[in-house]
Each structure stands twice: as C-alpha cells, then as structure tokens.
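Colleague: Could you walk me through a few features of this model? I'd like to follow the reasoning as we go.

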Amino acid sequence: MWGHSEIKGQLAIIEGEKSPDIIITNADYLHSIYKKWMKGNIWISGDRIVYVGQAMPAVTEGAEIFDASGKKIVPGYIEPHAHPFQLYNPRTFANYAAERGTTTMISDNLAFFLTLDDITSFSIMDELSTLPFSFYWWGRFDSQTATENEATLFNVDSIRRWAGRPDVLLGGELTGWPRLMNGDPDMFSFLQAVKAEGKKIEGHFPGASERTLARMRLLGVDGDHEAMTIEEVETRLLHGYGVTLRHSSIRPDLPDLLKALVEKELDVFDHLMMTTDGSSPSFYIDGVMDKCIRIALDAGVEPIDAYQMVTYNIARYYNMTDLHGLIATGRYASLNILDDADHPVPTDVLSKGEWVKREGRLAEPFPSINWSDFGVFAPDFELKESDLRFDQPIGIEMVNDVITKPFQITRDTTAAQLENGHDESFLMLIDRHGKWHVNTVIKGFATDVQGFASTYSNTGDILLLGKDKQEMVRAFEEVKRIGGGMALVENGEIIQTLPLIIGGGFSKEPMDLLMAQELELKKALVDRGFKYGDAIFSLQFLQTTHLPYVRITPLGIYDVMKNEVLIPVKER
C-alpha cells in the first residue's frame with residue numbers, strides 16, 4: 001500500500017505545502033454511498049485520491065489540471081470473476097479492459113496452480129501488480145478434471161499460503177462442491193483455511209436445487225454466479241448469497257435476467273454484481289464491463305444501479321471499499337470519465353493515477369511481463385502408428401457446447417479415415433510429455449474436420465481431433481512447429497493456426513490481433529460442421545469434470561456422475 005513517506009507527501013498536499021499531481025476540476029461524479037451525482041474537485045497524488053470536495057488545493061503549480069465540465073465521472077469498473085488465461089494472458093486482457101474502463105479484475109489462479117509452484121506464481125503476481133491496473137485473485141480448491149496428482153497440487157498448506165496474501169480475496173470457484181457435500185475432509189479443510197483469513201467462498205452451482213443451495217450456505221459458501229433464470233436469482237438472494245449475474249460467450253443470460261428483475265420491480269440491485277466470466281477473446285469486441293452496463297441500461301435498470309453493480313457493490317462485497325468502488329479520499333485514483341451516464345464507454349480512463357486513455361486516445365501498452373516460467377511447448381516425441389488405434393467401445397457425444405454424454409461406437413475405427421458428412425471424429429488426449437494417451441470417438445463436434453490439434457486444454461495436454469489419422473498427426477506436428485497453440489489441417493495443407501507460445505497455453509499477442517485469429521479459426525471450424533456457439537469453450541470443457549456426464553481426462557474416459565474411469569489411459 002502506501003508507506004510513511006508517501007502518506008507524508010499526501011498530507012503535505014492537504015496542508016497546502018505541495019501540489020497534487022492531477023487536479024480534476026468541475027467534477028460531476030457518482031458518490032457510491034449517497035447513490036447520487038455530486039459536484040466537486042478531485043485531487044490526486046500518484047495513484048491515490050487525496051481529496052474530493054469543493055475546495056481547490058492551495059498549491060497548484062506543476063499539477064495537471066483536467067477540466068471535467070460537461071462530463072460524468074464514475075469509479076473504475078471491476079470484473080469480479082475473470083479467467084485471465086483464456087487464450088489471452090492477464091497483461092494483454094487487462095490492457096484491453098482498462099482502455100474500456102475496467103481497471104480491476106478478480107481472477108482465477110488455476111493456470112498458476114497447475115503449472116507453477118507457489119513462490120514462482122507469487123513472483124509473477126507481484127510483477128503484475130506493478131502495472132497501472134489492480135489485480136486480485138481467487139484460490140482454487142481443485143483442478144476441474146481427474147488427475148493422479150490432485151492431492152499434491154491442492155493441499156491445505158498451499159491453500160493457506162494463497163489465502164494469506166492480501167491480493168487473494170476468495171476461495172473457489174467451488175467446482176468440486178459434490179466432494180464437499182459428500183463429506184470430503186480435504187475440501188472442508190480448504191474452506192476453513194480460507195474462511196479463517198476472513199475471505200469469501202465462491203460457489204459454482206448451475207441448476208442447483210434449493211436444498212443444495214441451503215447445504216452449501218451452511219458449509220460456508222458465500223456467493224454464486226451460475227443463476228440462469230430469474231427464479232434462480234431469487235432463490236440465491238433468499239438464502240443470502242452474493243449473486244453475480246453472468247453474461248458470457250456460452251451463457252449470455254444477463255439481458256433476460258435484468259429485464260425480469262425490472263419487470264418484477266425487485267428492488268435488489270444493491271445486492272447484485274455482474275461478470276463476463278472469462279469469455280473467449282472475440283466476445284469482448286464490443287467491451288468488457290462497459291458492455292454489462294450497456295445491457296443493464298438497455299434493460300431499464302436505473303443508471304446509478306447499473307454502475308454500482310460493476311463498482312461499489314463488488315468492492316463492498318469483497319471488503320475493499322477502502323481502495324475501490326468509491327470516489328472518495330484515500331482510494332485508488334481509478335476513474336472513468338464519460339460523456340454522460342448513458343454512455344458507459346469512457347472518453348478518458350485514469351487507472352491507479354496513470355492515464356490509460358486521454359481524450360479518446362490510448363496510452364502506450366502496459367509494460368511487458370516475463371512469462372518464461374511457464375516454459376515453452378517443445379515435446380520431444382513423435383506419434384507412432386500404434387498411438388492411432390481407436391478400439392474402445394465408448395465414445396463421447398456432445399449434447400451442447402459443454403455437456404457431453406457417452407455413446408456406443410458402432411463405426412469401423414480401424415481404417416485410416418472416417419468418411420465426411422457424419423458428425424463422428426477420432427479424438428485423442430496425449431500427455432504433453434508423451435507418457436500416455438487416451439483414444440476415443442467424439443460425436444457432434446464437426447462433420448468435415450480432417451485434422452485438428454490444440455495445446456490449449458484444461459491440463460495443458462494435447463487434444464487431437466479429426467476424420468483422418470494422418471492429418472491429425474500433421475496437425476500435431478504443426479503445433480509443435482509453432483511452439484504451441486491450435487492448428488487445422490486439410491489435404492496436406494495448413495488451413496489455420498492460432499499460436500499460443502506462452503507455455504503452449506496463452507498468446508502473447510494484443511487482444512485485437514488475438515480476436516482476429518480466433519474468429520478466423522472458429523469460422524474455419526464452422527465451415528467444417530461445428531454447430532455450437534463457442535468452439536474454444538467446447539474444446540476446453542472436454543476435460544472438465546464439474547459438468548456432466550463423461551469427460552476425457554489424464555486418468556482416461558471418466559464418468560462424472562459415477563466418479564469412475566470407464567476407459568483408462570494407455571501408457572506409451
């Protein structure tokens with residue numbers, strides 16, 4: 001935070017002994033406690049607001065004067081449930097988000113947990129904290145898939161270390177809640193460790209019954225972001241949950257939820273938050289949290305309530321109104337300057353005292369971050385003919401973007417190719433170090449994909465998919481050549497690639513370029529028969545065991561409901 005010498009300097013401004021760095025005059029700003037627009041001047045020193053009120057500082061020499069006449073000023077927006085490694089990385093996503101007014105994120109730490117030790121993770125987090133952006137984190141309790149080293153990765157000592165950091169605000173999201181409900185002592189100890197630090201627990205309860213919600217609340221869960229209907233919102237509020245309304249690439253529920261709240265005249269907006277839930281890059285073409293505000297305004301939500309749901313409500317829920325969500329003395333100087341309250345995209349953005357956007361012009365990109373600890377994707381093995389045998393009877397059928405179920409394989413899988421036109425394809429998960437693989441058939445992903453490879457997966461292992469075994473091998477060789485990522489091949493040619501050179505999982509490119517790459521790849525998959533909403537999420541969720549019914553995991557083909565392996569991995 002601020003040291004003694006910094007605070008002395010801030011006090012000197014109040015005493016009239018030195019000038020602020022920035023003075024915003026004629027400010028018409030949202031005061032989040034009074035819930036009304038107020039007039040005044042805002043004095044800023046470094047990254048901190050040192051005064052808000054009617055007075056002007058006694059000393060102004062050397063200060064930057066920003067006349068805010070005719071503008072509205074609101075706190076920097078907060079994304080309370082970010083997954084900052086969804087092809088993009090935390091720096092590139094934060095840079096893009098800040099330009100549109102989102103200056104704070106509370107983010108998933110799963111990529112750290114699965115890849116790095118705690119000390120290395122903390123070092124990168126500390127480096128990120130030097131950027132003109134506010135990063136906060138959650139501490140995961142499980143990997144979301146079935147692995148042999150789950151107990152090693154997720155242990156109470158590590159959970160305590162994470163929970164003890166001031167920038168870790170919560171535990172979760174609780175995708176492994178059935179373990180907790182079934183009495184798993186490790187999962188309960190994780191919750192207790194986080195609660196002992198005074199932190200929140202975030203659930204993950206899609207479609208949960210009222211009985212389940214009550215039980216989870218008694219076990220210590222504080223909030224949930226999975227309500228998909230107005231009835232589910234009301235039930236969560238009834239049981240005292242912190243409710244975050246979601247608008248994401250696979251669950252764009254926010255417009256309907258907000259319209260229903262307005263139509264039912266439910267005066268509950270002070271108790272609601274909004275999130276984009278770590279959507280794929282192209283979802284953000286038209287904004288981040290500013291997009292959620294726009295949706296709220298269009299649904300008939302009062303402007304102050306719309307802004308509070310992405311600022312003060314979140315800060316209050318996570319006990320950080322001393323720093324965020326409030327334009328008042330002592331808070332971070334993270335401010336959005338708007339043309340008016342009906343236009344949430346700011347003309348000017350101040351983030352921790354630095355201009356990210358000034359009079360519509362963007363500042364220099366954020367400084368680079370050293371991602372080398374994530375390593376490089378450079379597997380030293382080749383695929384053999386024996387790896388390409390698909391002789392198991394159970395396949396995976398896609399029901400929608402993310403739900404899969406088992407089906408009985410009836411096609412001849414001994415041939416080198418499956419014919420085009422139907423929706424069954426070969427599917428492999430290969431250990432990134434070449435130690436094992438899992439082979440099956442997937443139904444419903446596409447009709448005409450010959451070969452596709454992806455190193456973007458829940459565990460960092462390699463997914464191969466296609467109609468043609470040799471084209472699948474060619475796609476694998478292509479992702480090796482580009483240092484990780486995704487590759488679509490056909491008739492011996494590379495059709496599309498999306499490089500992910502940070503450990504094979506994340507891009508280093510700015511969001512605009514990454515969006516273009518993603519859209520080109522998605523279009524190519526749609527042209528070859530992909531029929532659902534978001535291929536990126538569909539690929540990622542093939543491994544995630546918090547969704548029904550069957551998954552491909554590092555243990556094998558896994559039945560989620562029965563908690564058992566149907567087909568084990570095959571050692572290479």
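**Helix contact and sheet**

Modeller: Happy to! Thr-92, Phe-93 and Tyr-96 in H2 meet Met-511, Asp-512 and Met-515 in H16, where contact means heavy atoms within 4.5 Å and helices (H or I, at least four residues) and strands (E, at least two) are DSSP runs numbered from the N terminus. This is a predicted model, where local features need pLDDT of at least 70, side-chain atom pairs count only at pLDDT 80 or more, and totals for chains, interfaces and linings use all residues. Residues are numbered from 1 along each chain as its sequence is written, and side-chain values use heavy atoms, without hydrogens and water.

Colleague: How are H2 and H16 oriented to each other?

Modeller: Helix H2 (residues 90–99) and helix H16 (residues 511–527) pack with their axes 9 Å apart, at an angle of about 105°. Axes are lines fitted to C-alpha atoms over the stretch in contact, with angles from 0 to 180 degrees between N-to-C directions. Angles of 65 to 115 degrees count as roughly perpendicular, so H2 and H16 are roughly perpendicular.

Colleague: Which strands are the edge strands in the sheet E26-E27-E28?

Modeller: Three strands form this open sheet, in the order E26-E27-E28, with antiparallel pairing; two strands pair if DSSP finds at least two bridges between them. Those pairing on one side only are the edge strands, E26 (550–553) and E28 (564–568).

Colleague: Which residue in E28 stands opposite Gly-556?

Modeller: Strand E27 (residues 556–559) runs antiparallel to E28, joined by four bridges. Opposite Gly-556 in E28 stands Pro-568.

Key: Parallel < 35°, antiparallel > 145°, perpendicular 65-115°, else oblique.
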